[in-house]
Each structure stands twice: as structure tokens, then as C-alpha cells.
Amino acid sequence: MRFFDKFFEKSARSVAQNSSRRGILKKLGVTILGGAAIPLLPVARAADNPSYPQDDAAGDPASCDYWRYCAVDGFLCECCGGSYNSCPPGTEMSPITWIGTCRNPVDGRNYVISYNDCCGKNQCGSCLCQRDEGDRPLYRSDKSNDVNWCLGANSAVYHCSTAIVVGVAFEQ
Ligand code: ABN
């Protein structure tokens, strides 16, 4: 017991002589904040780019044949400076959208896809893609994809369309 007492007393004295209270608090703060930030980094990156493992094998997002575009009608943002799930710089994503259900050829499952338009720049003009699966005539506006969803955004000027996976569709 005496050995431990001596040992801890010596250690405590040595720490007290070689450090200030402020210095210890600073080191403690850096350790706590640094430690808290490390596990957040990969999560934040994953949230910026939600991708599904099978996407790499599922085709070319710049091609109209790409599986996510089964119900699209518009210019593919992938060809317009954005990507299949993000708007090109300087445009704004429409808050209202057309929803489709497309089959992923790699895992054979159906996914709900949201076709958000990107708004605020003149129409892109590249990679026009009209697949229209499940589309109904415009007089059935609730079931038509031939709608400018930018009408719900700050700018009504349509630029291109994205195809964002919302989730797995229920099997019927
Ligand atoms: N949702 C694509 C689109 C935009 C403008 C007009 C028709 C279709």
C-alpha cells in the first residue's frame, strides 16, 4: 500500500510541477472535441453521397437506359454538370416531384425513385430521356410525369431532372 501511495504522490507532484491548470484543460478539450469529431466524419460523407452498393454494376448514369430512369421525362442532370442525384451548381432542386418505381437489375428489387427537377437555369439540352413507365396523359395530372416541377421552386425555369432513390418498394 505504501508503495502505491508513494508512487501516486510522486506522479501527482510531477504533473503539478510540469503543467498548469489551463494547459490541462486545453489538452482535455482538444482530446474530447477531436475524439467526438472522428466518428462523425465518415457518416457526414456518407450522407452527402447516398449511394447503393449495387449502383456501380448497374450501368451508366449518363445513359437513358440506366435503371433509375424508368419513369423519367427530361434532361438528365448527369449530363448537365450535376449527377443522377444532385443538381448542377447554380440550380435549385424542386421540392415537389414525380415518383416512379424502377427495378434494379443487379439485386432484382424494386425501388421508389423521386424525379426532382433542377431549376433556375435555362433547359440543359443534353441527354433528353423519356421513358415514361407508369406515365398517364397530362389530364390525369396526378399520374403524369409531363409536369414542370419547378413551378413549386423559387424559379419556375426548368433545367434538368435527377433520379433519387427514396427507398425499397413494397413487394406486391
Ligand atoms: N419534369 C420534367 C419536365 C419539365 C418541364 C416540362 C415537362 C417535364
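**Exercise 1.** Find the bridge partner of Thr101 in E4, and then follow the pairing outward from that partner.

*Solution.* In this predicted model, where local features need pLDDT of at least 70, side-chain atom pairs count only at pLDDT 80 or more, and totals for chains, interfaces and linings use all residues, the bridge partner of Thr101 in E4 is Val112. Residues are numbered from 1 along each chain as its sequence is written, and side-chain values use heavy atoms, with hydrogens and water left out. Strands are DSSP runs (E, at least two residues) numbered from the N terminus, and two of them pair if DSSP finds at least two bridges between them. Strand E3 (residues 98-103) is joined to strand E4 (residues 110-115) by 6 bridges, and the two run antiparallel. They form a hairpin with 6 residues between them, and Gly108 in the turn has a positive phi of about 70°. Next, Val112 also stands opposite Gly167 in E8, where E4 and strand E8 (residues 164-168) pair in the antiparallel sense over 4 bridges.

**Exercise 2.** Determine the strand order of the open sheet that contains E5, and state which strands stand at its edges.

*Solution.* The open sheet has 3 strands in the order E2-E5-E7, with antiparallel pairing. Strand E2 (92-93) and strand E7 (158-161) each have a single partner strand, so one side of each is left without a neighbour in the sheet. Strand E5 (residues 117-119) is joined to E7 by 3 bridges, and within this pair Asp117 stands opposite Ser161.

**Exercise 3.** Describe the surroundings of the ligand, beginning with Asp117.

*Solution.* A polar side-chain atom of Asp117 lies 2.8 Å from a nitrogen atom of the ligand, while a backbone N or O atom of Val147 lies 2.7 Å from a ligand nitrogen atom. The residues that surround the ligand (a heavy atom within 4 Å) include Asp73, Asn145, Trp149 and Tyr158. The protein covers 79% of the 250 Å² of accessible area (Shrake-Rupley method, 1.4 Å probe) that the ligand has on its own.

Notes:
Polar contact = N/O pair within 3.5 Å; in protein donor to acceptor, adjacent residues only side chain to side chain.
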